[in-house]
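Colleague: Could you take me through one part of this protein in some detail? I would like a close look at how its helices pack, along with any unusual backbone spots around them.

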Amino acid sequence: MGRPTIADIARRAGVSKGAVSFALNGRPGVSEATRARILGVAEEMNWRPHSAARALGGARADAVGLVIARPARTIGVEPFFSQLLSGLQAVLSARAVALHLMVVEDTAAEIEVYRGWASEHRVDGFIVVDLQVKDPRLPVLDELGLPAVVLGGPGKGGNQLRIWADDREAMLSIVDYLAAIGHRRIAHLAGLPHFQHTQRRIRALRDASRRLGLEEAVSVPTDFSDAEGAAATRTLLSRSRRPTAIVYDSDVMAVAGLGVAGEMGVAVPGELSIVSFDDSVLARIVHPPLTALSRDTFALGEQVARSLLAALDEAGPGRDLQMPTPRLTVRESTSPPGAASAGSPEASSGASPAGPVAASPGGPPSGSAAGSPAGSVAGSVEGSPGRVDAARIVDSGSEPV
C-alpha cells in the first residue's frame, strides 16, 4: 500500500473526508469521540501530512530554519555551535518541531535559502546568527513576513526578536583582568570584521587600552579557523616586541595558538598569557587549561528556540532579551608577565603584578589600572593575519554595533 490519504482514513473510520480534515487539523466541526476515532485510525495507518498539501491549506510546516554563512570546515570543529544546536534541538524536539540546517559560503547564498524555504513553505520561522553591520538579511526577513529570532544585538534595523549578551562588557572584563596582573601589550585574534560582535570586541579593546594606558593593543581579524588562528599567532610571536597576552575570539583558535606557542618555545603562561572568548571542554582539557569567558551556550540555544516558538504561537511581536554576560573563569593559562615575555626588560613595566582576580563583567577587577594615563593605542589589522601592523579600527559602516 502506498502513502495513506485522507480518503483512506475516511473509509476506514466510516466518516466523510471533511470530518477527517477537521479532526487532523484540530478544527471544530466534529465531536470529540469522532475526532479521537479518526486520530486513532490515522495513527494505525501511519499517516503523516504531506508538506505541499499542508502549505496550500495554510497549515504549519512544523519546522524552523537556521542558515549559517561560514566555511563548513570551521563550523564542524566549533564547540559553540554544537552546544547551541543541542539547546535548540532540546526545545524544538519536545514540540515535534524540526530544525532545517544549511551551511552556505556567503550571505547572498543565505538570503536565497531564506527566499526558497519561505516560498516553498518549508519552515514557519527562522533563527539568524552572526548579526552583521548594516545586515542585508534583516530587510529580506521583514519582506518574507515569517517570524525570526536573531542571535545578536542590540542594534538598528529589522523587526525581528533579538537575543544577545554584552560582548563589550565581556571583552572589558578580560582586558581589565590582564591589565590588573601586569600586561601592557595585548593582542586580540578577532573573528570576521563584518560581524557586529567582532566590532564590539575590537572597540572595547581600543577603549580599554586608552583608559588603562596600555602600551599596545592590536586586533587581527580572522575567519575563526584553527589555521588562521595559528598563522596569526605565529606572526605575533615572531615580532621583536611580541604581546605578553593574546585574547582569542574562539576556543578553537585559542587551542591552536597554544600549540604554536609550544612549537616556538614560548612558555604559557610564563612568557605568554592566553584567554579564550569561548569556554568548552576543549578549553579545559588542554595543558595548561585556558582562562576563558564562561556561559551556558546550551541554555542560550534553549532560550532562542523558546522565543521563536512563542512568536509562532502568538503571531505577534515579542520582546528582545539580554542574556547574562559571560563571566571570566581564570585558569592556568594566564599569569603576570615574566621579564623575558617580550624579549625586553620593559615587558614587566606598567601595572604591578597581582594574583588572580575574579573579573566582574560590570566593571574593572580589583587592582586594575583604570587610573593610568592614556598611552598610544594600536588599532586592528585589516587583511591577512600574516601582516600585523598598527592600523585603523575595522569599521564597515556607521550603524551602532
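To set the scene, how many helices and strands are there in the protein?

Modeller: Happy to. The model is predicted, and the protein in it has 14 helices and twelve strands. Of its 401 residues, 53% count as buried. If we take contacts between residues at least 6 apart in sequence, 74% of them join residues at least 24 apart.

Let's spend most of our time on helix H11, residues 226-237, and its surroundings. With twelve residues at 1.5 Å each, H11 should span 16 Å, and its end C-alpha atoms are indeed 16 Å apart, so the two values agree. The buried residues of H11 are Gly229, Ala230, Ala232, Thr233, Leu236 and Leu237. What do these buried residues pack against? Their partners are three strands, E6 (185-190), E7 (216-221) and E8 (245-248), together with helix H12 (251-263).

The packing of H11 with H12 can be described further. Their axes are 8 Å apart and make an angle of about 40°. That angle falls between the 35 degrees below which helices count as roughly parallel and the 65 degrees where roughly perpendicular begins, so H11 and H12 are oblique to each other. Their crossing is right-handed. On the H11 side, the contact is made by Asp226, Gly229, Ala230, Thr233, Arg234 and Leu237, which meet Val252, Met253, Ala256, Gly257, Val260, Ala261 and Glu263 in H12. Sorted by class, the residues of this contact are seven nonpolar, three polar and three charged. Gly229, Ala230, Thr233 and Leu237 are among the buried residues of H11 and also take part in the contact with H12.

Leaving H12, the chain enters a loop that leads to strand E9 (273-276), and Pro269 sits there. The peptide bond joining Val268 and Pro269 is cis, with omega about 10°. A cis bond also joins His287 to Pro288, with omega near -5°; Pro288 lies in the loop between helix H13 (281-285) and strand E10 (291-294). These bonds are worth a look, because most peptide bonds are trans.

Going back along the chain, strand E6, one of the partners of H11, comes after a loop that starts from helix H9 and contains Gly182. Is Gly182 buried or exposed? Gly182 is buried, since its relative accessible area is 2%, under the 20% cut-off. The C-alpha atoms of Gly182 and Leu214 are separated by 9.9 Å, although these residues are 32 apart along the chain.

H9 (residues 167-180) has a helix partner too: its axis and that of helix H10 (residues 196-212) come within 8 Å and cross at roughly 35°. H9 passes H10 in a right-handed crossing. From H9, Asp167, Arg168, Met171, Leu172, Val175, Asp176 and Ala179 take part, meeting a set of H10 residues that includes His197, Arg200, Ala204, Leu205, Asp207 and Leu212. Counted by class, the contact of H9 with H10 has eight nonpolar, one polar and eight charged residues.

For another helix pair, look at H6 and H14. The 16 residues of H6 (residues 79-94) should span 22 Å at 1.5 Å a residue, and the end C-alpha atoms lie 23 Å apart, which agrees. Buried residues of H6 include Phe80, Phe81, Leu84, Leu88 and Val91. The axes of H6 and H14 (residues 297-314) come within 7 Å and cross at roughly 45°, so this pair is oblique, and the crossing is right-handed. Among the H6 residues in the contact are Phe80, Leu84, Leu88 and Val91, and among those of H14 are Phe298, Leu300, Val304 and Leu309. This contact has eleven nonpolar, five polar and two charged residues.

Finally, some backbone angles. Most residues other than glycine have a negative phi. Ala96, which follows H6, has a positive phi near 55°. His121 has a positive phi near 55° as well; it lies in the loop between helix H7 (107-119) and strand E3 (125-128). Asp130 has a positive phi of about 60° and is found in the loop between E3 and helix H8 (137-144). His121 is partly exposed, with a relative accessible area of 44%, whereas Asp130 is buried at 10%.

Definitions and conventions. Residues are numbered from 1 along each chain as its sequence is written. This is a predicted model: local features need pLDDT of at least 70, side-chain atom pairs count only at pLDDT 80 or more; totals for chains, interfaces and linings use all residues. Side-chain values use heavy atoms; hydrogens and water are left out. Axes are lines fitted to C-alpha atoms, for helices over the stretch in contact, and angles run from 0 to 180 degrees between N-to-C directions. Helices (H or I, at least four residues) and strands (E, at least two) are DSSP runs, numbered from the N terminus. A crossing is left-handed if the near helix is turned anticlockwise from the far one by less than a right angle, and right-handed if clockwise. Contact means heavy atoms within 4.5 Å. Ala, Val, Leu, Ile, Met, Phe, Trp, Tyr, Cys and Pro count as nonpolar, Asp, Glu, Lys and Arg as charged, and the others, Gly among them, as polar. The expected span of a helix is 1.5 Å times one less than its number of residues. Buried means under 20% relative accessible area, exposed over 50%, partly exposed in between (1.4 Å probe, protein chains only). Angles under 35 degrees count as roughly parallel, over 145 as roughly antiparallel, 65 to 115 as roughly perpendicular and the rest as oblique.
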